[in-house]
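Visitor: I'd like to go through this one term by term and hear what backs up each label. Can we start once it's on screen?

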Amino acid sequence: QVQLVESGGGLVQAGGSLRLSCAASGRTFSSYAMGWFRQAPGKEREFVAAISRSGGSTYYADSVKGRFTISRDNAKNTVYLQMNSLKPEDTAVYSCALDLTSTWQPERWYSDSTRYDYWGQGTQVTVSS
């Protein structure tokens with residue numbers, strides 16, 4: 001069993017920054033890829049970013065490339081999402097997820113939310129204009 005707990009969400013003005021954290025427990029965190037997704041009211045869940053178990057490989061949605069950075073600290077069992085130049089359209093509940101697949105996959109794998117095995121409860125990010 002895995003527990004994922006997100007933190008760091010909040011209210012920020014457009015152009016501002018936030019750093020989300022996702023703390024994991026229950027399994028060997030460093031063995032698994034992690035992803036971030038978001039869901040705005042009335043919209044489908046959307047892929048944001050994914051990171052390999054070592055942190056050496058990443059994928060990003062086009063909508064966040066150049067503004068968001070995913071990283072991880074395996075010693076702290078934590079994955080991060082640094083969000084800069086935030087826009088009102090970034091407003092959503094952000095959730096982290098863990099994929100039990102042992103090898104790094106193409107981007108289309110990680111952009112599919114059904115590939116993930118465990119999810120956190122989410123943290124709200126609101127960007128005001």
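Visitor: What is Met83 in contact with, leaving aside its neighbours within four places in sequence?
Guide: Keep in mind that this is a predicted model. With those neighbours left out, Met83 is in contact with Gly16, Ser17, Leu18, Leu20, Arg67, Phe68, Tyr94 and Val125. Contact here takes heavy atoms within 4.5 Å.

Visitor: Which residues touch the most other members of the largest nonpolar core?
Guide: Met83 is on that list, along with Leu4, Trp36, Leu81 and Tyr94, in a core of 38 residues. Among the elements giving it two or more residues are β3 (18-25), β8 (78-83) and β9 (92-99).

Visitor: Why is Ser52 called buried?
Guide: Buried means under 20% relative accessible area. Ser52 comes in at 6%, so the label fits. Ser52 sits in the loop between β5 and β6, and, not counting residues up to four places away in sequence, it touches Ala33, Ser57, Arg72 and Trp104.

Visitor: What makes Cys22 and Cys96 a disulfide?
Guide: The cut-off is a pair of cysteine sulfur atoms within 2.5 Å, and these two sulfurs are 2.0 Å apart, so the pair qualifies. A search of the whole structure finds one disulfide. The pair links distant parts of the chain, with Cys22 in strand β3 and Cys96 in strand β9, 74 residues apart. The link is right-handed, with 60 degrees about the S-S bond, and both cysteines are buried.

Visitor: What makes β7 and β8 a pair of strands?
Guide: Pairing needs at least two bridges. β7 and β8 have six and run antiparallel, so they pass. One of the matches is Asp73 with Thr78 in β8. The two strands form a hairpin with four residues between them, and Asn77 in the turn has a positive phi of about 55 degrees.

Visitor: Which side chains of β7 are buried?
Guide: They alternate: Phe68, Ile70 and Arg72 point to one face and are buried, whereas Thr69, Ser71 and Asp73 point to the other and are not.

Visitor: Why do β1 and β7 stand at the edges?
Guide: The open sheet has four strands, ordered β1-β3-β8-β7, with antiparallel pairing. β1 (3-7) and β7 each have a single partner strand, so one side of each is left without a neighbour in the sheet. On average, neighbouring strands of this sheet are turned by 15 degrees against each other, direction ignored.

Visitor: How many bridges join β1 to β3?
Guide: Five, and the strands run antiparallel. Glu6 stands opposite Cys22 in β3, and that cysteine is the one bonded to Cys96.

Note on methods: Residues numbered from 1 in each chain as written. Predicted model: local features only at pLDDT ≥ 70, side-chain atom pairs only at ≥ 80, totals over all residues. Heavy atoms only, no water. Core = buried A, V, L, I, M, F, W, Y, C linked by side-chain atoms within 4.5 Å. Buried < 20%, exposed > 50% of the residue type's maximum accessible area, 1.4 Å probe, protein only. Axes fitted to C-alpha atoms, helices over the stretch in contact; angles between N-to-C directions.
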